[in-house]
Structure formats: C-alpha cells, structure tokens
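Q: I'm new to this one and would like a close look at a single part of it. Could you walk me through that part and then through what surrounds it?

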Amino acid sequence: MSGAGTNLLITVDDVRDPEVVAFLEAHVTQMRSISPPESVHALDVEALRGPAITFFVARDAETGELLGTAALKALADDAAPEGGHLELKSMRTAPHRRGEGLGAAVLVHVLAHARAAGAARVSLETGAEDFFAPARALYLRHGFVVTEPFADYRPDPLSVFLTLDLALRHGG
C-alpha cells in the first residue's frame, strides 16, 4: 500500500516492540495533555494486547520507520446483531509526518480488514477540541457520520462519536 509517496507496510502486531510501545505511550501522554482525564478514552498498551483487539502498525516498507498505528476492538453490544460492531482505537500517525495522507492509508487498510472480517459497522470516539479537527475531517471524508455514544461511552461535550455502516460504504 502506498500513500504520500511512501510505500507503506501495514501489519498486525502484538504490541511488544519497544518502539511501538513508546509511540503509543506518547499518544496517551498527548491525549492527556489536551483533554481532562474523564474525556481521554485512549487504551493503554496492556489493553491493546487484549483478545478483543486487532492492532495494526504502519511502517515505511523501505526504511522500517514507524509511521502509524490503529486498532480494532470487537464490541459486544445489541446494536449490531448482524456481522458485528468494531471500535477504531489508537489511530495515530507520526507527528512529523502528519498531513501526508498516511492516516488515510491506514484507515483504508483497517476498514478493508473490518469488511473482510464481516463487520457491519465501525464506530469511534474522538475529541471535540480543535486539535482533533483534522481527524474528524478524515473520518467524515471516509463516510463516517456523527452518532450517539455507543458501547460504554456516555455523553461528553469533549467527545465526538462517529460510525460507519460498512454495508453502505464499500470504497475507502
């Protein structure tokens, strides 16, 4: 998969590589610096190793540089009785490479994985602050729509909830 002139290699990962762990810890630290604790829903490294999680790592295929991560979490809820409901978590691109289309490439890959796994819907929570505007725009461009809180989430003025019906959106 290529995007932004970079040949991306996106693989499923077990979240054990120290470089990946540091990348994720920086993500959680950044989220906590932007939003109050009750509005930060990023999973820690241990949670990302759980059985309900499929974790992805994107690297430059030539240099091995870590460029991004994403995870899909299987949700057990009654709202998606056919095909399953997944939550997108830990979507992050390397800060020095933002704006190059890497996030879109990772998102397209993860959504293709969700479709292949038979999921009916992918939902996510992201921040409502200005910092998160590019992420919200990315998700909206890829067919996500604003929705009510899902799974165990509660209404929060600092959260935006988005969902994508995979049966309605076959592209990326």
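Which exposed residues does helix 4 carry on the face turned away from its buried side?

A: Those residues are Pro134 and Arg141. Before going further, keep in mind that this is a predicted model.

Let's start with the other side of the helix. Helix 4 covers residues 133-141, and its buried residues are Arg136, Leu138 and Tyr139. They take up an arc of only 160° around the axis, so they sit on the same side of helix 4. There's a handy bit of background here: an α-helix has 3.6 residues a turn, so residues three or four places apart point the same way.

What does that buried side lean on? The buried residues of helix 4 pack against strand 5 (85-93), helix 3 (102-116), strand 6 and strand 8. Tyr139 has a relative accessible area of 6%, and its ring forms an aromatic pair with Phe144. That pair is edge-to-face, with 5.6 Å centre to centre and 65° between the planes. Phe144 is buried too, at 2% relative accessibility. Between these two rings in the sequence, just after helix 4, comes Gly143, which takes a positive phi of about 100°.

Now for one of those packing partners, strand 8. This strand spans residues 159-165, and 6 of its 7 residues are buried, so the rest of the structure largely encloses it. Strand 6 (residues 121-127) is joined to strand 8 by 7 bridges, and the two run antiparallel. If you want a spot to look at, find Val122, which stands opposite Leu164 of strand 8. Strand 7 (residues 145-146) also runs antiparallel to strand 8, with 2 bridges between them. There, Val145 stands opposite Thr163.

The loop between strand 7 and strand 8 is worth a stop, as Ala151 is found there. Ala151 has a positive phi of about 50° although it isn't a glycine. Most residues other than glycine have a negative phi. With a relative accessible area of 38%, Ala151 is partly exposed.

Aromatic rings turn up in this region as well. The structure holds 5 aromatic pairs, and Phe150, Tyr153 and Phe161 form one aromatic cluster. Tyr153 from that cluster leads us on to strand 5, because its side chain makes a polar contact of 2.3 Å with that of Glu87. Glu87 has its place in strand 5 and counts as buried at 3% relative accessibility. Leaving aside neighbours within four places in sequence, the contacts of Glu87 include Phe150 and Tyr153, along with Ser123 and Leu124. Ala71, Leu72, Lys73 and Leu75 are among its contacts too.

Stay with strand 5 and you'll come to Ser90. Ser90 is buried, at 7% relative accessibility, and has a positive phi of about 50° although it isn't a glycine. The side chain of Thr69 reaches the backbone oxygen of Ser90 at 2.9 Å. Thr69 lies in strand 4 (residues 66-75) and is buried, with a relative accessible area of 1%. Beyond its neighbours within four places in sequence, Thr69 is in contact with Ser90, Met91 and Arg92, among others. Its contacts also include Phe23, Leu24 and Val106.

Two of those contacts have a link of their own: the charged end of Arg92 sits over the ring of Phe23, 5.2 Å from its centre.

One more residue to find is His27, in helix 1 (residues 18-34). His27 is buried, with a relative accessible area of 8%. Apart from neighbours within four places in sequence, His27 is in contact with Ala42, Ser90, Met91 and Arg92. The C-alpha atoms of His27 and Pro95 are separated by 9.8 Å, and these two residues are 68 residues apart along the chain.

To come back to where you began: look for Pro134 and Arg141 on the face of helix 4 turned away from its buried side, then for Arg136, Leu138 and Tyr139 as the buried residues. From there you can follow the packing to strand 5, helix 3, strand 6 and strand 8.

Note on methods:
Residues numbered from 1 in each chain as written. Predicted model: local features only at pLDDT ≥ 70, side-chain atom pairs only at ≥ 80, totals over all residues. Heavy atoms only, no water. Buried < 20%, exposed > 50% of the residue type's maximum accessible area, 1.4 Å probe, protein only. Helix = DSSP H or I, 4+ residues; strand = E, 2+ residues; numbered from the N terminus. Pairing = 2+ DSSP bridges. Phe/Tyr/Trp six-rings, centres within 6.5 Å; stacked < 30°, edge-to-face > 60°. Lys NZ or Arg CZ within 6 Å of the ring centre and 35° of its normal. Arc of directions from axis to C-beta. Contact = heavy atoms within 4.5 Å. Polar contact = N/O pair within 3.5 Å; in protein donor to acceptor, adjacent residues only side chain to side chain.
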